[in-house]
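Please look through the structure below before reading on. The paragraphs after it go through a sheet and some helix contacts.

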Amino acid sequence: RGVRLLDLRSGRIFDATAGHVVLATGGAGQAYQTTTAPPAATGDGIAMAWRAGCQIANMGFTQFHPTGLHHAQAGGFLISEAVRGEGGVLRLPNGARFMPAHDARAELAPRDIVARAIQGEMERHGLECVQLDISHQSPQFLREHFPTIQARCLALGIDITTASIPVAPAAHYTCGGIAADMAGRSNLPGLYAVGEAACTGLHGANRLASNSLLECVVTGRAAAQDILGQKRADVSRRTPAPDAIAVPASPDLARLRRDLRQLMSRDVGVLRSDASLARAAAFIGPLRAQTEARLLREGLSLELLELRNLALTADLIVRAAGARGESRGAHFNRDRPGQDAVDLRLRAPAATA
C-alpha cells in the first residue's frame, strides 16, 4: 500500500501510498565491522519486508571479499582480484607465501576459499591482516593496469611498486534477501524487490563477480514491465503522518551499533561455529527487544531505525546460518565442514508485526 518516509532534511515523517512498491535498498553489509558496503547498507528493505510478512531466503550466505584494503582510512576500498590475476601473491609478515598450502589454485582459488585461508592464517598468527605483494611488476605496468588502486594506496602512504598491500576479508555481498522471482515479485502482491535486497536464487550460496550488476539491471527492467502491464491504477500520494516527527538520537546508539558489528565479524564472519553462532544469538535477541522497546518509548530517529533493522537482519543471518547443518559456498561452519548431499533451500517463515 505504500511506505512511511522519514525526511532527513526536515525531520518530518510522511506516508506515501502507492499501488506498487519496489524495494531497492541494497544489502546488509553494515551488519559487519569490516565491509565494502556503503554506510546506508543497513538491511532496511530486508527488515521492512520481514515485518510486512515477506519470505526471506538464504540469509546465511554473506560473501566476503578476501582482499579489502586494511587501513583505518580505507573506507571499504577493495583490492581487485585482478591484482592476484596479474601475479599478486599473499604473504605473511615474514614474507612466507601461504595460499599453495590451502588450495592447488593458490591465489586464483574462488573468493570463499581465499577468504577462509586468509582468515585462518590471521587467527593462527594473531594478525589483523596479511600482505598482498604485486611489487615484482614494473611501476609502468602497475600505473597502466591499476591506476585507481595505486593512487588510493599512495594517498594512504602505501607505494605498491615497492611495498606489499595490507589486506583482510571484508563483508561484500548479501546473497540472500527478500525471496523474489525474476520479475522482482515477492510473496506479497504489489511488493517487489530488486538488487542486493532481493534473493532471486541467481547467486545461490555464493556469487560470481559482476553477476549482481546484471541481475539488478535485468530484474529492475522486468519489475517495471510487470508493474506497467497490470491494469490496476497506481495512484500515489504523499501525506504527513499524524503527530509524527523525528527525535534526536540517544548517544548510546552508536556504541550499540559498533558492538553489534564487532560481534558479527567475530562470531558470524568468514569462519563460524556452533558456539559462535550461539553467542551471537544470545547478544542479538536482547538487542532486538531493546530496540523495539526504545522505538515505542523514545520515538523515531534515523540511528534507532537503522539499528533496529541491523539487529533484525543480523538475527536472520544467525538463524539461517545456525539452521544449516553443513558448509557451502559463503557459509562455513567449523563444526560442520562437509556438504549435505542435497542443497537445502532455507526460507524463513512469513512474519507479522
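In which sense do β6 and strand β7 pair, and over how many bridges? The two strands pair in the antiparallel sense, and three bridges join them. One position to look at is Leu 90, whose bridge partner in β7 is Leu 132. Keep in mind that this is a predicted model.

This pairing belongs to an open sheet of four strands. Going across the sheet, the order is β5-β8-β7-β6, with antiparallel pairing. At the edges are β5 and β6 (89-91), each of which pairs on one side only. Neighbouring strands do not line up exactly: on average they are turned by 45° against each other, direction ignored. In a regular strand, side chains alternate between the two faces of the sheet.

Now go to the other edge strand, β5. Strand β5 (residues 62-69) is joined by six bridges to strand β8 (residues 165-174), and the two run antiparallel. Within this pair, Gly 68 stands opposite Ala 168 of β8. How many of the eight residues of strand β5 are buried? Eight of the eight are, so the strand is largely enclosed by the rest of the structure. Buried here means under 20% relative accessible area.

The next part concerns helices. Helix α8 (residues 274-298) and helix α9 (residues 302-323) have axes that come within 9 Å and cross at roughly 150°. Angles over 145 degrees count as roughly antiparallel, and α8 and α9 are therefore roughly antiparallel to each other. Their crossing is left-handed. On the α8 side, the residues in contact include Leu 277, Ala 280, Ile 284 and Arg 288. Among those they meet in α9 as a group are Leu 304, Arg 308, Ala 311 and Val 318. The residues of this contact divide into 14 nonpolar, two polar and seven charged.

Helix α9 also meets helix α1 (residues 44-52). The axes of α1 and α9 come within 8 Å and cross at roughly 75°. Angles of 65 to 115 degrees count as roughly perpendicular, and α1 and α9 are therefore roughly perpendicular to each other. From α1, the contact is made by Asp 44, Ile 46, Ala 47, Trp 50 and Arg 51. From α9, the residues include Glu 306, Asn 309, Leu 312 and Leu 316. This contact divides into five nonpolar, two polar and five charged residues.

Terms used. Residues numbered from 1 in each chain as written. Predicted model: local features only at pLDDT ≥ 70, side-chain atom pairs only at ≥ 80, totals over all residues. Heavy atoms only, no water. Buried < 20%, exposed > 50% of the residue type's maximum accessible area, 1.4 Å probe, protein only. Pairing = 2+ DSSP bridges. Axes fitted to C-alpha atoms, helices over the stretch in contact; angles between N-to-C directions. Parallel < 35°, antiparallel > 145°, perpendicular 65-115°, else oblique. Left-handed = near helix turned anticlockwise from the far one by under 90°. Contact = heavy atoms within 4.5 Å. Nonpolar A, V, L, I, M, F, W, Y, C, P; charged D, E, K, R; others polar.
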